[in-house]
Structure formats: structure tokens, C-alpha cells
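The following exercises introduce a protein structure step by step. Each task is followed by a worked solution.

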Amino acid sequence: MKNITIIGSGTMGNGIAHVFAQFGYEVSLCDVSAGALETGLKNIQQNIERQIKKEIIKPEQKSEILSKIKTFTLLNDGVKNADLIIEAATENQDVKLNLFRELDSIAPQSSILATNTSSISITKIAAVTKRPDKVIGMHFMNPVPVMKLVEVINGYSTSKLTTETIMEISVKLEKIPVEVNDYPGFVANRILMPMINESIFSLFEGVAGVTEIDTVMKLGMAHPMGPLQLADFIGLDVCLAILRVLHDGLGNPKYAPCPLLVNMVEAGHKGVKSGIGFYDYNKSGKDKLIPAERFL
């Protein structure tokens with residue numbers, strides 16, 4: 001494999017493109033928006049600069065990495081030579097199903113179709129294609145250039161060869177792949193999201209404040225980031241979408257999203273991406289986080 005196509009140039013998409021280019025792959029980064037592609041490339045450049053400052057890579061590697069990434073607004077052009085296509089679009093089932101139908105019709109028959117979904121059924125996605133054996137989950141963690149884990153999710157029809165190929169390519173990216181099976185939330189979010197949801201319930205019920213909840217988890221459980229800050233970082237809309245997948249797919253009321261989370265997303269308070277969530281990122285400096293006013 002040498003030609004990799006990434007669909008979506010947002011936080012996850014540009015991070016995945018960065019890592020593949022860093023390890024010498026030819027990368028086609030696709031997005032319907034030319035502006036989004038431009039922003040994605042700027043983010044990649046900034047992340048490369050951080051790597052250089054931390055002496056992870058050498059300064060002369062910057063131009064080499066960037067030269068490996070080509071951008072496309074037309075999907076046909078972006079996928080025509082792809083050995084592996086990784087979809088990193090919005091966490092919306094209908095969007096993903098429609099996209100995989102299109103990819104199946106235009107991508108080379110030999111292409112593996114992977115999705116970076118964090119919760120949506122790989123089996124359901126694969127079922128809308130004529131190559132379900134070549135459809136797999138490749139769930140990177142954010143920030144992609146830093147985090148080592150890749151959750152590799154087998155759908156019902158994913159072939160052993162496809163799984164082995166994705167496990168091998170993950171290792172070549174100096175990631176640590178973990179193979180899991182296709183159940184709602186897989187492993188990462190089946191465990192993480194109920195913890196975040198329970199943290200939000202603790203706030204909602206007045207057990208403790210934002211800072212107090214995060215401090216307990218950081219100092220008591222050695223988490224590098226508190227669950228409410230992490231939720232802001234992931235995106236509260238994404239957390240809500242994943243919890244709804246868990247609730248619908250597993251049928252257990254324990255996965256029902258906290259009403260506070262629902263209200264915050266409906267109000268447009270989605271965390272870091274919107275400037276306000278459990279913390280107010282418009283007011284906070286680099287060295288401290290300030291809880292949003294309504295929680296003080």
C-alpha cells in the first residue's frame with residue numbers, strides 16, 4: 001500500500017493525513033469545501049512545527065511531509081488511485097452510509113474502505129457496499145499525531161486479510177493497533193462515554209462543580225484530563241451522538257444521555273470547537289481553564 005485517501009479534512013482527517021504523510025505514504029485529502037482543506041493544511045503545518053520544537057522530527061522533514069499531501073474537492077479524483085480509503089467525515093450514520101455507497105461505486109475494486117467512526121456499526125456501513133469483506137473500522141484517537149492507539153474494528157463480513165492489512169499498516173505508522181469486534185461503541189467509547197455521562201449527571205445533580213469533578217478524576221484516578229474537559233475536547237455534540245448510538249444499540253437505560261448534555265448541544269455549546277462547553281475557552285488563558293458562568 002502506498003496511496004492513501006482521507007475523506008474529511010477536519011481535526012481527525014487532517015491528523016490522519018499528517019501521520020500517513022509523515023511515514024512516507026502518498027496522501028489524497030478530500031473535502032467538499034476548499035476552505036476546509038486550506039484550514040486542514042494549516043493545522044497540519046502547525047502540528048509539524050510542534051513536532052519540530054519537541055524534536056520528534058527534523059526541520060527538513062516539514063517540506064517532505066507536506067509534499068506528500070494533495071488536496072481534492074472532487075471525490076472521483078481523490079480516490080481513483082487509492083489502495084486504502086479512510087472516511088473521517090461527521091459522526092452521522094446517514095452521511096456515512098451515503099458516502100460508502102458512493103465510494104463503493106467509484107473506488108478501485110481492490111481498495112480497502114475504512115471508517116474512523118467511533119461508534120457507528122461497521123457491519124451496517126459494509127452492508128451498503130458490494131465489498132463488505134474490504135470494509136473495516138480504523139478508529140484513531142485525537143490528537144492523531146500524538147496518540148498511539150488505533151482501534152481496529154471488524155464488521156460481520158470483514159475478511160481476515162483486510163484485518164491483517166490494517167493491523168500491519170497501523171504498526172508501520174508506529175501506532176499500537178487493538179483488534180475489537182463490532183458492537184455499539186466498540187471498546188473505547190463503550191467504556192469512556194458512560195464515564196463522561198456520569199460526570200455530567202454529577203454536575204447536573206449538584207454533587208460537585210466542574211473543576212471539582214475534573215480534579216477528583218485527575219488526582220484520584222491519574223487521568224491526564226478530567227472527564228468534563230475531555231468531553232469539551234471531543235465535542236459535546238459528538239459525545240451526545242455516541243451516547244445515542246449506545247442507548248439505541250444496547251437498549252440499556254444506563255446509556256441515556258444526561259438532559260444537561262442534550263440542552264448544551266441544542267444551545268450550540270459544543271466545547272472547544274464552539275468556544276464554550278463546561279469551560280469557557282473565550283475567557284481562559286493557556287495555563288488555566290475557567291468553568292462556564294452557569295456552573296459557578
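Helices, taken as runs of at least four residues, and strands, taken as runs of at least two, are assigned by DSSP and numbered from the N terminus. The model studied here is predicted.

**Exercise 1. The sheet**

Determine the order in which the strands of the sheet lie, and identify its edges.

*Solution.*

Step 1. The sheet is open and contains eight strands, in the order β3-β2-β1-β4-β5-β6-β7-β8. Its pairing is mixed.

Step 2. The edge strands pair on one side only; they are β3, residues 69-72, and β8, residues 176-181.

Step 3. From one strand to the next, the twist averages 25°.

Step 4. As an example of pairing, β6 (residues 135-140) and β7 (residues 149-154) are joined by five bridges in the antiparallel sense. Within this pair, His139 has Glu151 in β7 as its bridge partner.

Step 5. A helix can now be placed against the sheet: α2, residues 34-53, lies across β2 (26-30) and β3, and runs at about 160° to β3.

**Exercise 2. Salt bridges**

State how many salt bridges the structure holds, and locate the partners of Lys68, Lys42 and Arg131.

*Solution.*

Step 1. The total is eight salt bridges.

Step 2. Lys68 pairs with Glu26, with 2.9 Å between the closest N and O atoms. This pair connects distant parts of the chain, 42 residues apart: Lys68 is in the loop between α3 (61-67) and β3, whereas Glu26 is in strand β2. Glu26 counts as partly exposed, because its relative accessibility is 32%.

Step 3. Lys42 meets Glu38 in a salt bridge with an N to O distance of 3.7 Å. The two are about one helical turn apart because four residues separate them in helix α2. Glu38, at 47% relative accessibility, is partly exposed, and Lys42, at 46%, is also partly exposed.

Step 4. Arg131 pairs with Asp104, and their closest N and O atoms are 2.8 Å apart. Here too distant parts of the chain are linked: Arg131 lies in the loop between α6 (122-127) and β6, and Asp104 lies in helix α5 (residues 93-106), 27 residues away. Both Arg131 and Asp104 are buried.

Step 5. Salt bridges also form a network that links Glu87, Glu91 and Lys96.

**Exercise 3. Annotated positions**

Describe where Ser9 and Met12 are placed and what they touch.

*Solution.*

Step 1. In the unreviewed UniProt entry, the annotation "binding site" covers several residues, including Ser9, Met12, Glu91, Lys96 and Asn142.

Step 2. Ser9 is in the loop between β1 (3-7) and α1 (11-22). Its relative accessible area is 3%, so Ser9 is buried.

Step 3. Leaving aside residues up to four places away in sequence, Ser9 touches Asn14, Leu29, Cys30, Asp31, Ala36, Leu37 and Gly40.

Step 4. Met12 belongs to helix α1. With residues up to four places away in sequence again left aside, Met12 touches Asn116, Phe140, Met141, Asn142 and Val144.

**Exercise 4. Cysteines**

Decide how many disulfides are present, and explain the case of Cys239.

*Solution.*

Step 1. A disulfide is a covalent bond joining the sulfur atoms of two cysteines. The cut-off for counting one is a sulfur pair within 2.5 Å.

Step 2. By this rule the count is zero.

Step 3. For Cys239, the closest cysteine sulfur is in Cys258, 12 Å away, which is too far for a bond.

Step 4. Cys239 is buried, with a relative accessible area of 1%. Cys30 is buried as well, at 3%.

**Exercise 5. Backbone geometry**

Examine the peptide bond from Asn142 to Pro143, and the phi values of Glu55 and Phe186.

*Solution.*

Step 1. The background is that most peptide bonds are trans and most residues other than glycine have a negative phi.

Step 2. The bond from Asn142 to Pro143 is cis, its omega being near 0°. Pro143 is in the loop between β6 and β7.

Step 3. Glu55 is not a glycine, yet its phi is positive, near 60°. Glu55 sits in the loop between α2 and α3, and it is exposed, with a relative accessible area of 71%.

Step 4. Phe186, likewise not a glycine, has a positive phi of about 55°. Phe186 lies in the loop between β8 and α8 (188-204). In contrast to exposed Glu55, Phe186 is buried, at 4% relative accessible area.

Terms used
Residues are numbered from 1 along each chain as its sequence is written. This is a predicted model: local features need pLDDT of at least 70, side-chain atom pairs count only at pLDDT 80 or more; totals for chains, interfaces and linings use all residues. Side-chain values use heavy atoms; hydrogens and water are left out. Two strands pair if DSSP finds at least two bridges between them. Axes are lines fitted to C-alpha atoms, for helices over the stretch in contact, and angles run from 0 to 180 degrees between N-to-C directions. Contact means heavy atoms within 4.5 Å. A salt bridge is a side-chain nitrogen of Lys or Arg within 4 Å of a carboxyl oxygen of Asp or Glu. Buried means under 20% relative accessible area, exposed over 50%, partly exposed in between (1.4 Å probe, protein chains only). UniProt positions are given in the numbering used here, feature names are shortened, and annotations may be inferred rather than shown by experiment.
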